[in-house]
Structures are given as C-alpha cells and as structure tokens.
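Please open the model in a viewer and keep the selection panel at hand. The stops below are arranged as successive selections.

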Amino acid sequence: MARPQFKRNGEIDKQLEDLVKASSWKQAVALCERRIKKGDKSDAASVAKAHVLQACPDVGRQQQGTKELERIISRDPPILDIEVLRSVHIFAVFRKSPLDRLGTPWLRAAKARPDDEKIIKAWFETMFDTRYYKYAQEAAIMYKTRFPYNHQAHFWYIITCQLLAESKDSESVVRKLNQGLVFGNLAKAAKALTNAGGKLTNGLVLENLEDLLLLLRVYQSQGRFQEALDVLDDDRAGIFSRIGNKSWQLVRHKVELLELNGQWQELWQFCRKVLSGSHPKALFPKSTSTNSAFGRMGDDWAIWSRLIIATNQICTDDTFSQAEACIDSFSVFSRNARIARLKLFASYPIEDADIKSKLSIACQEHFTDFSTKYVCFLDLSPYLPSLRPEHKVELINTGAQHTRSLTPEPNDPEAKAIQWITSEVNLLKLHYHLSVSNYPSNVARPLLDFFVCRCLRLYKLSLALDADLPISERRAGDDAAILAAMTLIHIWDLEEGTALLRCVVILETLLLRSPHNYDALLILIRLCVNVGTPSLAMDHYLQLSVKNMQNATLSWILYTRISMLHPYPYVSQSQNDEAVTVINVPENITAALEWHAGAAQLNSHYVNKMLRDGQYNMLLNALALENPLRVGFARLLLLVEWSRIQRLTGASSDVNYSNFLDDASGEVQDNRDMKVFPNYEWQSHSPFGNRVEHNAPEDILWLSHQLQIINAWDILDGSEHINGEFLRNICEADPLSIDQSSDLEKAMIKILLYGVQILASYKLGQKPEAFREHIVKGLERLASFQEIASQVLNGSSEFLEGLSTHWRPKLATPNASYLQHYFGVFDVCHAIRRCVSCVMNLNEENKIVEPASLLRLSARLMAGNKSIALKAEEQASIMQRGLRGERAVRDTVAAAFDGQDERQDMIGEELQKTIGQPNMERIAECLRDSWIEALDGIVKAARYLDSKSDLSKAL
Amino acid sequence: MLRPFCPQDLLNMNLTNLDPLTENYNLDFYMQYMMRWPSLFTVAEDQHGRITGYMMGKVEEDPIYLKVLDTYMPWHGHVTALTIAPQYRRLGLAQDLTTALERGCEDQDAWFVDLFVREGNHTAVGMYRKMGYSVFRRVVDYYSDDPTGGKDGEDAFDMRKPLTRDKKKQHVRKNGENFRVNPEDLYHG
C-alpha cells in the first residue's frame, strides 16, 4: 500500500508532502509545530505531526509519534473532526496498526455526538472504503439503532453482514452468524413490504429492484431457494409487483431458483408459459395475460435450456412429446428452439436408440439449415459427443452432400459462392473436431496432410470473393486458413520440423488480406514468439490495439517472458518504409502497470459510489472484480517482466511497483483470457488456447517463484525493508518448492536466497565465525551456479545444432527457448554480481572475512561473468552473420515449400500454389530480419553484463 | 440470451472489443453507464456463456437554455455503443439488443432513440433502416479517424427512431442525409 498523502482542509498538503518526500523530517515536524502554535485546527496539525514522526527512520522518533497519536486519540473530549478521524484511520491502516483499535476514535466521537448522522456515516464509509467490514458493521449497528427510519442504515448493515458471511477471512462461526443476520433482516424487509397496509415501523423495507435483487442473491447463496421463490411470487414484492415491474432479470432468477430447488414440474410449467407468451401467435393480437407479459423476450436460451432440463428430469413420454411439440412450433423462426432440440435429444437421460437417431437427424438438419452461418459449428459442438460413431459419419456425409449442393455455378452471384465457402468451412470444422483433433490416436498422418491441403485449396478459392467487404468484416474463407494452421500445430506437437514455420507463413498471408482478423493475430503472436521472432510478434500485437481492460486479459499473449526474448525497444517500420513506430517494451509494460494501478483504484471508487447510491446488488458484483484487478495474474506477470528487464538491461523507472507485491500476498486470480482463441478441439482435449502455449506454460506457482526473485532482489538492493518474520521464513525456505522451475530459474532463486540469507544471518546477529563460514561457503556455491550457467551457454551450440537438423536445407535460427537460455544465463550472472556486491559491502563495514581472500573469491566470480558475456556475444554475432544476406531467405523459402525429407510433400506443394514465391520471399525476409533483431538483443544484454563485470563497478 | 451488464463482464469482452470498429473504453466509462442507466446496458450471451455482443445506451436531454436552438435535443434515448462479435453477426442479435434498448427508453418516456453511425458503414446503416431508423441529419467530419486505416475523416449520420411519445413524428424528417450540421453545433454536455 502506498503511503497516504497528507491533507489539509480537504486538499493535499503540498508543503508538508514536499518536506516528507525529501525526507526533511526536522523541517516537517517544525512546520506542524508552527501550525499547532498558530492554533490552526490543532487536531489536524497534531495528528499530522504524529504521522510525520512515525514516518521518520529514527526509532526514537517513531515511538514518540506513536505516543503522541495515542494521546490525541484517547484524550477527552474526543476528536470530532471527520477529516482528522479519517486521516488517523488511513495512516493506521498503512502502518498496519492493531486492528482492534481501528474503530475506537470513531466510536468515541459518535458517542459524544449521538445525533450527528454525518459522523456515523463517515465512520461507516471510512471502514467500508478500506474494506474493514467488521468495523463497518459496528458503525452500521449504531447507525440503524440511532436512525431506525433510515433505509440506508439498515441496508448498509445488511451489506456488511453479507460481506462478512461471504468472506474467506471470517471464521466459520462468524460467517454463520452473519448469514443468519443477513437472512433475518432481509426477511423482515420483505415482510414489512408485504404487510405494509398500515404505517411502516422502520426503514427496514424493500424499496426498489436493487433491494429485491440483493435479497435474491443472498437467499440463493444461502440455499434458501423456496423462500426466494415465495418472494418472487408475492404480489407486493415479486415479479409483477411495483418494485419487480416485470423485470426480465427476475424471470431469469425464478427459473434458476426452480432448477436449484429441483421443482421440475413447476419449472417446466413456468418455462412453457413464458415461451408460449413469446410465440408470434400469442403476440398478435396483443394479449393481456401474464403469459405474454414478456413478449418476444421469452424466446431466451435461459428459458429453453431450463425447459429441456426439466423435461429430462421429469422424464415422462407426455412431457417429452409436449416439449418436442413446443420446440417444433418455434423452430421456423427461433434459432434458440433449434439448439434446444439438439439439447433435448443429447441430454435425454436414458440410453434409447430412437432418441439417438433423433439427435442424429437434428444435427444433420441443423447443419443443413445453418451451415451458411459462421456459428453453425459452435451451435452443434456441445452435442457432438452424444452422437453414436455411425451417426458422426452420417453427419459428415450428409454435411458434405449438402455443401456440394451449394456449389455455385459460374454465373451465380457472389453471395452464393460465399455461402458455399462458409458451408465448406463449417464442414471442415466438423472434420477437424471429430478426427483431426484426435491426432495421433486413431488418425494417420497422411489424413492430416490431406486435410491441410483441402483447407488451403478452399482458402485459395475464397480469395476471389469478398472484394468489397468492409475491412472489419470476417471473410468467408479465412477460417479455412486458420484450420490449416491449427492442424499444422498438431503435427508440430509431435514432429517439430517446419510445421510451425508453415503456420506462420499461412497466417501472415491471411493477414495481408484480412488485417483485422483477430483469431489469426492472436495465434500468430504466440507463434512468432515461439519461432524466435519477438519483434514480429510485437508488430502484430500493435495491430490488435490492446488497451484498457485488455491489459488484464490479453497482454499476457505478448508479454509472457518478453524480458527474456526482447527486453529492448524496437523500431518497427511499416511495409512501405514510410511510417516508423518505436515499440518500447519497458515503457509499454510500465503503461500497462499504470493502468492496473488506476483500474484497481477506479473500481474501488465505483464500489464505494454504489454503496452511497444504494446499488447493493451491483456493488457485490463490482467487488468481485476487485481481486482480479488487484491480484490478477496479468498484473503480476507484468511486474515480473518489468523487474527482469531492469535487471537485464539496466533500464530504470521513477515508479516503484514493489507495493504490488503486498497485494500479491492474497490469492492470485488468473484473469488471462484463453477462451478468446478459436477452439475446435474435441471436448476432452485441452482447448486450442493452451496448445499455442508450447513454451513453458506459466502458472501461479511459476509466478510465485518469480515474485520471490523480485522480493529477494529488492532486499539485496536495500529497497525493501526486512521484517523479522520474513527473515525467519527465508532462512527456513524449502528449496523443494522450486522444483517445477527450469534449472536456470532454480539457480537464480537459490543464488538470491543465499544473498538474502547472508543478510538475514547478519541482521539476526549470527556469531562472526559462523557468519564467516557462511559467506565463504556461499561464494563457493555461487561459483557452482555460475558453472551451470556456463554449461547452458556451451549447450546452446548443440541445442542449435539440434534445431537446425529439422530443416532441409540447414538454417541456424534462434527460437524462443534459445533466446530464453541466453537471457536466463545473464540473469543468473547478474544475481551473482548482486550477491557479491552485497557481501563485499557488508564486509567493508564489518571486516568479518579477511578482505584479500574475499576479493579473490569475488574477482573469480566476476571474471566468470565476464567470460560468459563475451562468449554469448560471440555466439550471437556468429549466428547473426550467418543469417544476413539472401541465403537465409532462400533457405527459409525452401524449408516452407519443400519440407524436411525426401517423401512427397503435399503440404509444401499446396502452400506454394496458395502463397506464391514473391509473397513467401517477403515473409522470409521479415522472419530473417526479426531473427537478426532478436539476436541484437542478446548482443546488447551481453555487453551490458560485460560492463557490469568489473569488480570495482560491482561495489 | 440477453441480460444486464455486470462488472465481471469486463473480463470477458474480447470477442467483441477486438473488433477494430468497436471502441475499447476504460473501466470508468462502462461503470458509469452501468450505474446510471443499468436497464440500457445489455449484453448478449451464447449458450457457452460467451459475450457475443452488447448495447450501451443512455437517456438524456440538452440543457433547457438550449431550447431556443434548432438543434435542441429533448428527452431521448441514445445508442452509445452497439457491437456484435464478427463470428455472431447476421443472427439478429443487433436487432434484439436494439429492441431491448428501445423498450428501456419507452419505459423512461423518451421521445425517440438516436444514434450516430459512420456514413461509410453501409452494413450498419442498412440494418438500422430495416429497424425503423431514418437519417435525421449528417454531421460533417464527425469522425476524425478511421480505425481500419482507410481514410482521414468521415461524416456521421445521426439516425433516429420515434417512440410512442412522439405521436406526430415531430422528431424525424425525410431526406435527412442532405441536412448538414457541423460537430460544433451539437451539444456535448
């Protein structure tokens, strides 16, 4: 948490802030004292003085500040100035003062002014705004007791009860108690409304839809489904009441509750009623019956899906045939009804040959009627696993037959050709889903080759169409090219070879014509990272225009491990060589981190605003967004990358994000959007979004190791205060917990752990003899880690040899793993350097180890770093030289078109026909330039390491 | 299916917001609409729970002191954003979302619903015409950029559909394409 700012008369106290920022403690205290003497709002000035004293580095002054604050808080008469009370609270939270005292000054103020609603409200709001619900509840109790006719007071109390009932931090007994309280109060509020023939006894009453939605949410979370249904059916509080106002949200709640309560007959009847009201025949002439109260809205998937669930739960011939008839009566005009038919047959609970046949026919009919729509496959996919094997074959056959029937004649309008292409693409998706995605089990490699060629041929045919289509619209044949690329990724999974290169080539070609096809862009960004062309990945990332919320959901696509692929800014030149854009990775990451910090604050601001506006149900939803923003995977990932860029390149920033680490102590929420990738994989397989994550899928454990590294680095840098608990933990750290990391990451963590342990032992007052041994042995261990790094570097040439054998003719190109090895090695070297400098600085002050021997050991380590830097630079430069010139382009073209062995290469031939030599050469040039560019990063980072490897500079 | 927008949806809007013509606003923009006009901010979900489209709208009027001007806007609904993910177009979702907004505006007794659309977005203009909207005026060079990189600037059509309150159809006109106004003539409260 960032230090709260000093405020004066509602504004930031700039004068005091400047002094504190400049660590001019004496002047800051003097300023406060001058203000106290002048009698300028003495409470505010005294509290500010206490806070300044607490912020001083000197322990004596800190204690003086705490005493001063204690005196002010406990004095009589109590503080009554709301701004001062708020400041006391916010600084107490910042200093992590004992929680049980947070409410005391407020309580004393409220008791001193029993009729002052402002103080009680400010007390509640301050506690709520800082998410101290328990103390907010105390304020709410006083609020509703003192102001019983106030609706807000009661609902603020209810909200705190609900938050405590939901909180994972609450003890189970507290959760249960609050569940009871929130239910009891809402039940009273609903009853008060129901019985309100006479005068209301207090403000505890449902007033609007938000209150009602809150009640439903609470009841549902407590499993009180019947009670919730009773409210919904109530004339004064329910769907048709004044506050319910026939809200469609309430209808959706009702079907959900009936399902949760297992009231299948009621659910079935209700769905039928709502659906019949939405039928065009019921709408004209306009009926006044409740059935048609919702009109066309009734034709909603929420209703259809519940009708099917209820039908299959009741499972009688009568209900089944009535549901079938209902679906039939809608099927001409409602796509929902058509999907409902698939669901009805697919989820039938009894194994029945007739039903299976009906499902098969329904699937075939659905394909026939919707194959010219993009969504056809998406509609069908959930129900395909329920088809029998012979029915799957039938579906493919009838699909093929139908698609053939759509084949356009030469003089047909273009629209017909587009429909045919769309239908073909849907058929290909079925093929992919039912067979290709099962490769290698049950599917032979030649089938895959054939499938890729078929996709490419269809794509080529589609190129003649859609010439006038707006650039933002999807082109009918684009998905055929994407399916070809996806199939090649399946091939690459098992056989490596040139499949990945071919994927890149296909998608690059697609984007020439459809630059805004984000399915292609998303896949291509990940592939470009994998083939070692991060600058190309950045170019494509720019095309996506990622901003705002996408920093939380999509930025991972480019930024995962970007610091070990391309940590430097990159100058991107457009194809006509006119426009130049500098893609500054460190700056962009900083901007994304800034956005995260701002978004978390904004969301918090809106949560607080919703509380004041009485939007309680919405408030609970907005609170659910708070954690994904505060401790979201993306935010922490960006922090990891930003820190590593600083370590590897020496880049610096004025902003310090280490306070993000405090937030990370909570539960990390993975908000990366994987579902945005197209997915045609078989249901039991991992989705396609995970397939493009070939390179060390990063998970929460990985993230926590990386955060450990940042934390340790900050400690060695002296920018992080170490508390006793942390020291004890780090001394007992279990190296087993890092087993899932790579060798270099393990080495990195162990090196830093060593450094921090040295610091910890020193601070915990270890005896000089033991400490001396610790240092000497530790430095010797560092040498062994340096040896690991050196071996990784030596292994890079063999690793490269292994890579190039997949291509015919041989071409040495760096891929993602290759680049990461280098940067991983550099990171280890920098960590060794950091530890050496830390130990030497400690020894400089305390002379624990004989300086000459320490110097010898350190000099050896730094020389090792230097040798690694020089070797890395040399290796990268050799590869760069090999890539320069036309040969690399020729070899890449050959690898894409001619394949990797002597057998007939169908895909290569088809690719050549689809893409053409000039296009392929252009793509090969882009790849070559990007490889050279990536190697430039290694050269730069090696030089930086070299420059930092002089012992004198390490100090 | 249609349902009101909720804050968690912000984490799941990529299918729509990656579209180059869909503006990807910051969090506070969505939050403001959700809080002030909850019944006019609707999302469409598919059977897999993915957000396939959404409609953001509001009801407002120009300040009373502008009533003397020809360009004065009475209490009306406004389509701020309507987007459908490219894969889910031509299924009638835009119509469903627009109908939902119109219903919300009827509930709030608005005179008409209006929207701005790029003149060159023929698909959208055609779709709105089918739904009963007509061009009320042309706002010259309203869009200063073209997100697809096509050209420098573009006119907007201000299209309107009268609601039940406008019995005499006094807030729509014929041949509005030829009625030109400048962006500065509009009130940007």
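In this predicted model, begin by selecting helix α42 of chain A and displaying its side chains. The residues to highlight are A:I907, A:G908, A:E910, A:L911, A:T914 and A:I915, which are the buried ones of α42(A). Now look down the helix axis: the buried residues of α42(A) fall within an arc of 165°, so they line one face of the helix.

Next, add the surroundings. The cover over the buried residues of α42(A) includes α23 (445-462), α24 (478-495), α25, α41 and α43 of chain A. At the residue that follows α42(A), select A:G916, which has a positive phi, near 85°.

Move then to α41(A), residues 886-898. This helix has 13 residues and spans 18 Å between its first and last C-alpha, close to the 18 Å expected at 1.5 Å a residue. Its buried residues include A:A888, A:V889, A:D891 and A:F897. Show their partners as well: the buried residues of α41(A) pack against α25 (499-513), α40 (851-883), α42 (906-915) and α43 (917-947) of chain A.

For the last part, turn to the nonpolar cores. The largest has 350 residues, of which A:L206, A:W304, A:L782 and A:F826 touch the most other members. Helix α39 (residues 816-846) of chain A gives the most to this core, with 17 residues. Centre the view on A:F826: leaving aside residues up to four places away in sequence, A:F826 touches A:L648, A:A872, A:I938, A:A941, A:A942 and A:L945. Apart from the largest core lies another, of 13 residues, among them A:V20, A:C32, A:A48 and A:F91.

Key:
Residues numbered from 1 in each chain as written. Chains lettered and ligands numbered in written order. Predicted model: local features only at pLDDT ≥ 70, side-chain atom pairs only at ≥ 80, totals over all residues. Heavy atoms only, no water. Helix = DSSP H or I, 4+ residues; strand = E, 2+ residues; numbered from the N terminus. Expected span 1.5 Å × (residues − 1). Buried < 20%, exposed > 50% of the residue type's maximum accessible area, 1.4 Å probe, protein only. Contact = heavy atoms within 4.5 Å. Core = buried A, V, L, I, M, F, W, Y, C linked by side-chain atoms within 4.5 Å. Arc of directions from axis to C-beta.
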